[in-house]
Amino acid sequence: MIGKVLRWLAAAADVLLPRACIVCGERLNINEKRLCLGCQAQMPLTYFWSMDHNMMSDKFNELIQKHMSSSATPWSERYAYACALFFYSEEADYKILLYDLKYRGDTWIGHNFGQMLGMRMASCRWFEDADAIVPVPLHWRRKWSRGYNQAEVIVEGLSAAMGVPVRTDILYRRKATKTQTKLDVETKARNVAGAFEATRRDDMKHIILVDDLFTTGSTLFACFCALRAAYPPSVRISIATLAFVGRP
């Protein structure tokens, strides 16, 4: 009886205050939440979780290999795995998801799609031994201005789905940097170089580093370098984001 009443109230609310899909703007029916069924079905998923090598992980490992080849003290580094939920492009309507998460305070997006990604990563053997999920940190001034760190919201969803604890006591941002949005590839790398530092914890074996979007990989790589300075190569470092700039 209570369920029927709640459903009736929800239906009445939809008449008075119609809800719209956050991607296409079409009116939602009573069984749809935030995204219509059509947009859910057409989301450009990467399926990176079903691949031990993919274009995101290959791109990130190229950055690592380039750094190692220029280092005065080379070391042995295992292949870093990477995963993203969906493809991102400026032409696709789905870009609104990251915009609303980052600039409009829609934390539901980060938590919900973080969970979706986490459910898929939980079934991957190359992520199953992770013992920490670490969000890319914001500088305290930007976090105070925005009110939250979007990467921390995403890792809450990932953690809930994977059963892996969130650790915000490992990676820190040392300095404020310009927004990466309109910078070219080389300027992005210089902008975040040395911006992070890490604290070593003896219980780490496999860290998953998380951000909202993988574009050039500069920010994630700067975080990787900070973590690698604190942890030996025996500690694996993987990366995950909600979206990856590219096409299926």
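Biologist: Which residue of β6 stands opposite Phe-87?

Modeller: In this predicted model, Phe-87 stands opposite Phe-244 in β6.

Biologist: How do you know that β1 and β6 are paired?

Modeller: Two strands count as a pair if there are at least two bridges between them. Six bridges join β1 to β6, so the requirement of at least two is met. The two strands run parallel.

Biologist: What is the order of the strands in the open sheet?

Modeller: The four strands follow the order β1-β6-β5-β2, and their pairing is parallel.

Biologist: Why are β1 and β2 said to stand at the edges?

Modeller: Each of them has a single partner strand, so one side of β1 and one side of β2 (132–135) are left without a neighbour in the sheet. On average, neighbouring strands of this sheet are turned by 20° against each other, direction ignored.

Biologist: What makes α4 a helix that packs on the sheet?

Modeller: Contact requires heavy atoms within 4.5 Å. Helix α4 (residues 95–103) touches β1, β5 and β6, and its direction makes about 110° with that of β1. Helix α7 (residues 150–162) lies across β2, β5 and β6 and runs at about 130° to β5.

Biologist: How do you know that the length of α3 is close to the one expected?

Modeller: Helix α3 (residues 55–69) has 15 residues, and 21 Å is expected at 1.5 Å a residue. From its first C-alpha to its last, α3 reaches 21 Å.

Biologist: Which residues of α3 are buried?

Modeller: Met-56, Ser-57, Phe-60, Asn-61, Ile-64 and Met-68 are buried, which means that each has under 20% relative accessible area.

Biologist: Why are these buried residues placed on the same side of α3?

Modeller: They cover an arc of only 120° around the axis, which puts them on the same side. In general, residues three or four places apart point the same way, because an α-helix has 3.6 residues a turn. The buried residues of α3 pack against β1 (82–88), β5 (206–214), α9 (218–230) and β6 (236–245). The face turned away from the buried side carries the exposed residues Glu-62, Lys-66 and Ser-69.

Biologist: What makes Asn-54 a cap of α3?

Modeller: At the N-terminal end of α3, a side-chain oxygen of Asn-54 lies 3.0 Å from the backbone nitrogen of Met-56. A polar contact requires N or O atoms within 3.5 Å, so this distance falls inside the cut-off.

Biologist: Why is α9 called largely enclosed by the rest of the structure?

Modeller: Of its 13 residues, 11 are buried, so the description applies. Among them are Phe-221, Cys-223, Phe-224 and Arg-228.

Note on methods:
Residues numbered from 1 in each chain as written. Predicted model: local features only at pLDDT ≥ 70, side-chain atom pairs only at ≥ 80, totals over all residues. Heavy atoms only, no water. Expected span 1.5 Å × (residues − 1). Buried < 20%, exposed > 50% of the residue type's maximum accessible area, 1.4 Å probe, protein only. Arc of directions from axis to C-beta. Polar contact = N/O pair within 3.5 Å; in protein donor to acceptor, adjacent residues only side chain to side chain. Axes fitted to C-alpha atoms, helices over the stretch in contact; angles between N-to-C directions.
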